[in-house]
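User: I'd like to learn how to read a ligand site and a sheet in a model like this one. Can you walk me through it?

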Amino acid sequence: MTEHQAPSTAACRICGGTVTQFLDLGRQPLSDAFLDEARTGDEFSYRLAVGMCGRCTMVQLMEEVPRKLMFHEDYPYHSSGSAVMREHFAKTAKRFLETELTGSDPFIVEIGCNDGVMLGTVREAGVRHLGFEPSAGVAEVARAKGVRVRTDFFEERTAREVRAADGPADVVYAANTICHIPYLDSIFRGVDALLSPRGVFVFEDPYLGDVLEKTSFDQIYDEHFFLFTARSVREAARRFGFELVDVERLPVHGGEVRYTLARAGARTPTAELARLLADEDARALTEPATLAAFAGSVGRIRNDLLALLRRLRDEGRRVVAYGATAKSATVTNFCGIGTDLVECVYDSTHAKQGRLTPGAHLPVRPPEEFAADRPDFALLFAWNHAAEIMAKERAFRDAGGRWLLYVPAVREV
Ligand code: SAM
Ligand code: TMP
Ligand code: ZN
């Protein structure tokens, strides 16, 4: 958005208030729509811009992408691709098993169970569970682990069916999924129908506080419809008869918060929640000036990254990328990074290999070829998995290779 354009507005998906745009990341492809080489002419695109509601402070996209275009048979993201995330979800499952799932015949429902990375542990414990997963490919992987999966979108209608067939749930859990869902009203009505009187609705998603602190603008893409704060989640919960009772900051995926909601009045809010709400106020997280400053920093990162990549190209250095993340679609397409600046991207996901990244059309290659290829620089698109990837690819740096990062600022390591 230039200074001369009037800011565009949209209706808030939570409260109907006015959402005012604060950042425009241009036209973008679907972030997870990897292409076969033969089919590069007909990519879907939409305008990726983000704004904040002046009434309830929810940060959200200005334009919604139809869910069936994103979540389908070929959805390529496999949650179990990271050892750190496998560990994170095993711990999460064990925590539920020791706390909320200790009654006589407990029941947990997961929204967006993907390949069963969390519910696998619940199944091993023999506890009653159900995963909702509309993307049939990853749902099948979960099923092969013995996880009980319904290949469907969780929403009011499907939640009511589960309530009728299986009874109330003690826990409804979702990781990196609730922020993907613009129709949150239907989700809340579904949880209301399904949850037991003292049950908890727990979800974890990228935190606006971390996005602003790190200038991680690549957390903004089609699938990330909402960017939550404790304040905006508290407000949304209240509108649907729930209460935010606890929060926990998580280091995964570049900084997330796990929100625990209960029926209004059913549980006592924690001191941790009061602390985070006070911290958000002190940081003026959802003040227009804070968001405008963020937008300015995003523009600077784009300029710095392009300047660096162009210099390296002009010096004849070989630059590749690592991690064909959904996030990287925002970076490549907003900055205009194509094969002239970055040769290819290495990624361990079989479903992405041999294909082209959306929009930018960088070829995706298996990581086994990375070491042999001996590039000079590797742009780390999967910066949220930096420790795991840098440890795995130690030989790259030992041989003189350098990692390039752009969050929170463009730099070599
Ligand atoms: N929970 C996993 C994790 O944290 O790694 C998977 C996260 S993945 C980014 C989001 C998942 O949510 C996808 O597998 C997608 O198919 C699923 N999803 C999207 N909308 C959904 C809905 N309404 N109900 C259930 N799952 C949904
Ligand atoms: P994410 O940031 O959305 O979790 O995506 C991470 C991407 O990076 C995913 O496509 C898998 C890939 N990846 C690797 O190629 N090697 C690794 O060691 C890890 C952890 C991820
Ligand atoms: Zn609102």
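Analyst: We'll take the ligand first and then the sheet, bearing in mind that this is a predicted model.

User: Which residues come nearest to ligand 1?

Analyst: Start with the shell. There are 21 residues around ligand 1, and Ser79, Glu133, Ser135, Phe154 and Asn176 come nearest. Sorted by class, that shell has twelve nonpolar, seven polar and two charged residues.

User: And what polar contacts does ligand 1 have with side chains or backbone?

Analyst: Look for pairs of N or O atoms within 3.5 Å. Among them, a side-chain N or O atom of Ser79 sits 2.6 Å from a ligand oxygen. The side chain of Thr177 also has an N or O atom 3.3 Å from an oxygen of ligand 1. For Ala175 it's a backbone N or O atom, 2.9 Å from a ligand nitrogen. As for cover, ligand 1 alone exposes 600 Å², and the protein buries 97% of that.

User: On to the sheet: in what order do the seven strands run?

Analyst: Follow the pairing from one edge to the other. The open sheet reads S7-S6-S5-S8-S9-S12-S11, with mixed pairing. S7 (149–150) and S11 (242–250) are the edge strands, each pairing on one side only.

User: How many bridges join S9 and S12?

Analyst: Seven, in the antiparallel sense, between residues 195–206 and 256–263. One bridge pairs Pro206 with Glu256 in S12.

User: Which strands does helix H8 touch?

Analyst: H8 (residues 230–239) packs on the sheet against S9, S11 and S12, its direction making about 155° with that of S11. Helix H9 (residues 271–282) lies across S11 and S12, at about 75° to S11.

Definitions and conventions:
Residues are numbered from 1 along each chain as its sequence is written. Chains are lettered from A and ligands numbered from 1 in the order in which they are written. This is a predicted model: local features need pLDDT of at least 70, side-chain atom pairs count only at pLDDT 80 or more; totals for chains, interfaces and linings use all residues. Side-chain values use heavy atoms; hydrogens and water are left out. A residue is near a molecule or strand if one of its heavy atoms lies within 4 Å of it. A polar contact is a pair of N or O atoms within 3.5 Å; within protein, one must be able to donate a hydrogen and the other to accept it, and residues adjacent in sequence count only if both atoms are side-chain atoms. Accessible areas come from the Shrake-Rupley method with a 1.4 Å probe; for residues, only the protein chains shown count as cover. Ala, Val, Leu, Ile, Met, Phe, Trp, Tyr, Cys and Pro count as nonpolar, Asp, Glu, Lys and Arg as charged, and the others, Gly among them, as polar. Two strands pair if DSSP finds at least two bridges between them. Helices (H or I, at least four residues) and strands (E, at least two) are DSSP runs, numbered from the N terminus. Contact means heavy atoms within 4.5 Å. Axes are lines fitted to C-alpha atoms, for helices over the stretch in contact, and angles run from 0 to 180 degrees between N-to-C directions.
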